[in-house]
Amino acid sequence: MTIKTANLGFPRIGKHRELKFALESYWAGKSDAGALLDVGKRLRAENWALQKEKGIDVVPSNDFSLYDHVLDTAVMVGAIPSAYGWKGGHVALDTYFAMARGSTGEEAHADCGHPHHYGHGVPALEMTKWFDTNYHYMVPELGIDQTFALTANRPLDAFIEAKTLGIHTRPVILGPVTFLKLAKGSEEGFQPIDLLARLLPVYAKVLAELRAAGADWVQIDEPCFVLDLSQEEQAALQHTYRALHELVPDLKIMLATYFGEIGDNLPTALSLPVAGLHVDLVRAPQHIDALLKTSSDLTLSLGLIDGRNIWKADLAAIQKRIEPLVQHFGADRLQIAPSCSLLHVPIDLELESGLDGELKSWLAFAAQKLDELAALGDAGKASQVIAAASQAVASRAASTHVHDLKVRQRVAAIDEAMKTRGSDFAERTGLQERKLRLPLFPTTTIGSFPQTADVRKSRSAFAKGTISEADYDAFLKKETEAAIRWQEEIGLDVLVHGEFERNDMVQYFGEQLFGFAFTQHAWVQSYGSRYVRPPIIFGDVSRPVPMTVEWWRYAQSLTEKPVKGMLTGPVTILNWSFVRDDLSRADVSRQIALAIRDEVLDLEKAGAAMIQIDEAALREGLPQRKADWKTYLDWAVESFRLCASGVADETQIHTHMCYSEFNQIIDAIAAMDADVISIETSRSKMELLEAFRSYKYPNEIGPGVYDIHSPRVPDVEEMTELLTLARERLTDGQLWINPDCGLKTRRWEEVRPALVNMVAAARILRHAASTIRA
């Protein structure tokens, strides 16, 4: 028996990060648009060829992007805010990248032959997480007067490009309802979903042109199906697909849902006039029972291979799970697929020559997941592959490298006292004020400073053994001292050591913890050209020795001002790693929390008066359905409190959070009981502080006053305006002043003037506050 295999999307970045280097060369003015586009064309051809070689029957096209597929969709339909100067027609690359990264005023490139002027520059679109992944998308900004027009049919171009290579593909398009649901209304109270009637003709034109070019199927991604949908949104989905079916009746649509359970939206999905439905059976195995109760004549795409994690699948177990579906629907009505696009996993395990052999035998990256799909599609010819998978699963379950009884016992012994500070914040804050003696509106940064070419070169040389540990240590001390002296010079109130010794905020800690493994080439895209190599949590986690104490001690010895101890929190480490799937995420988080707790207490013992425990990724682990939020937030907050609550009242605990959308989880954030939180707010122009109009948050807050993801340097006036907005929602005594995030991805040429402006803005606020009080 054979079942057709289908892939939903493949990583864009290239086995050796070719896209990253092409993008950064273009942005730096070292190459032109033609060179960049040639790299993209070659990567697409390689991806299509690989999938055909692996035996995938349905190969996707238009899953490639130079930056982000949501941004691509916005540009395709002409949803370009007026600030970017677009007047219709062709959208220049520099306009596209200005939306993605912001503009400094006059860009180095112009693919239309002349420079683009943006006055003093424009900020990038707001950026946030793609559902509960670590991938970031650019948030479309739509106004009540928004009109749409097809600027270029990119899905058609990709389909024809593959066709010329002899590969018939299934084009992938982001669905119109998900696009509008994820968009941001530029006017208060305006809902972008109200623009659906204007948007649908553009989608219809895209589909009609695809059909005319020979496309028989198209994959339309509507992951919004796994969210809580209102009756209006469900009606919008019904209207959308009825309209598209009427306009392009002979083009088959595979409606793709993923990242969770369709649940009560299943009747809506099954009622639509589409030819196929993709369901995520990794995140929501209960879909099988729900589907068996239906009599739908749809082609069902079964998301059986995990597109979000790197563990080898238990192919024999999967075969047994889908037997009822095969009997109920017949093999010819089914497709075997990954749970979602493979965008979220590394490309090829074969590149990893340095991994432990036993661990490597347990893993599958994107290329290997294609092999798993092919094996499930033709099990009769793949009995050896299936048997090998069963052996790997059994080996992992029995491995002594995975299980540590002492760690399990320590988790079992956790009690309420370990999760509670000695006193309430109202009492702690007075003790901390007397100890720290900070001015009103204290200034600081989030932690990291630019990882310059010299820093990266020295780290690489040390890793290769071409410089000694003593020489590397001396280099790092020199960089740290320079950073401390410069921070003192510009007048920052609370300093950081710069983190020059750290490669990544998760990897640095994982490399010093038991239970983690690391790769050499397992890159995945976070946003744009920003790629990460997530650690692999394969076993029980513990901390053998202190990890950060000596670098903090050295930095603090250089200054009388307080230097923050800098740690990454347990939930962020969890959410930014490939996590073991044989233990609950809650228990893995508790193990990490205990390890970080040990580090917090050692920093305090060494004299640290401030310790920052970053939980940048807390929100991205939030389940798709609100009914499931409490369970996650309970153990996530517990994990933070577990690592932070062992210190004395006088020790100030900070945390940093990205894209937190306070309105949704404000109670949980307050329950973390950090003394100071810093958050991303500049791209949203302080909109994320709206929750504080009604919720009287008691602790202190540092709303980011400039966007570190953009090369723009905002001036003092812009920062002062943002801080004035913040003062409308917070008391002066609550307000800290800091950037949106860490600065390691920026250049010193951008960081220096931006922080000087930030300190100047703080002084303006202090003067204004003293004048008011006088």
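**Notes on rings, helices and a few notable residues**

1. Welcome! A good place to start is the rings: the structure holds 17 aromatic pairs. Rings of Phe, Tyr and Trp (its six-membered ring) pair if their centres lie within 6.5 Å; planes under 30 degrees apart count as stacked, over 60 as edge-to-face and the rest as tilted. One of these pairs joins Trp130 and Tyr137, which meet edge-to-face, 5.9 Å centre to centre and with 80° between the planes.

2. Before going on, please keep in mind that this is a predicted model, in which local features need pLDDT of at least 70 and side-chain atom pairs count only at pLDDT 80 or more, while totals for chains, interfaces and linings use all residues. Residues are numbered from 1 along each chain as its sequence is written, and side-chain values use heavy atoms, with hydrogens and water left out.

3. Are Trp130 and Tyr137 buried or exposed? Trp130 is buried at a relative accessible area of 2%, and Tyr137 is buried at 5%. Here buried means under 20% relative accessible area, exposed over 50%, and partly exposed in between (1.4 Å probe, protein chains only).

4. Now compare Phe462 and Tyr472: their ring centres are 4.6 Å apart and their planes lie at 15°, so this pair is stacked. The two rings come from distant parts of the chain, 10 residues apart, with Phe462 in helix α17 (residues 453-464) and Tyr472 in helix α18 (residues 469-490). Helices are DSSP runs (H or I, at least four residues), and strands (E, at least two) are too, numbered from the N terminus. Phe462 is partly exposed at 32% relative accessibility, whereas Tyr472 is buried at 8%.

5. Ring pairs also build a cluster, which links Tyr26, Trp27, Tyr67, Tyr96 and Phe97.

6. Which charged residues sit over rings? Lys20 lies over the face of Tyr531, 5.8 Å from the ring centre, and the charged end of Arg44 is over the ring of Phe64, 5.0 Å from its centre. For this, NZ of Lys or CZ of Arg must be within 6 Å of the ring centre and within 35 degrees of the ring normal.

7. Next, a helix crossing: the axes of α11 (residues 315-329) and α14 (residues 383-398) come within 7 Å and cross at roughly 110°. That makes α11 roughly perpendicular to α14. Axes are lines fitted to C-alpha atoms, for helices over the stretch in contact, with angles from 0 to 180 degrees between N-to-C directions; under 35 degrees counts as roughly parallel, over 145 as roughly antiparallel, 65 to 115 as roughly perpendicular and the rest as oblique.

8. Which residues meet there? Leu315, Ala316 and Gln319 of α11 touch Val385, Ile386, Ala389 and Ser390 of α14, where contact means heavy atoms within 4.5 Å.

9. The loop between α16 and α17 deserves a look. Arg437, in this loop, has a positive phi of about 50° although it is not a glycine, and it is exposed at 70% relative accessibility. Phe441 is in the loop between α16 and α17 as well; its phi is near 55°, again positive in a residue other than glycine, but Phe441 is buried at 0% relative accessibility.

10. Finally, visit Tyr203 in helix α7 (residues 196-212), a buried residue at 1% relative accessibility. Leaving aside neighbours within four places in sequence, its contacts include Thr73, Ile173, Phe179 and Leu244.
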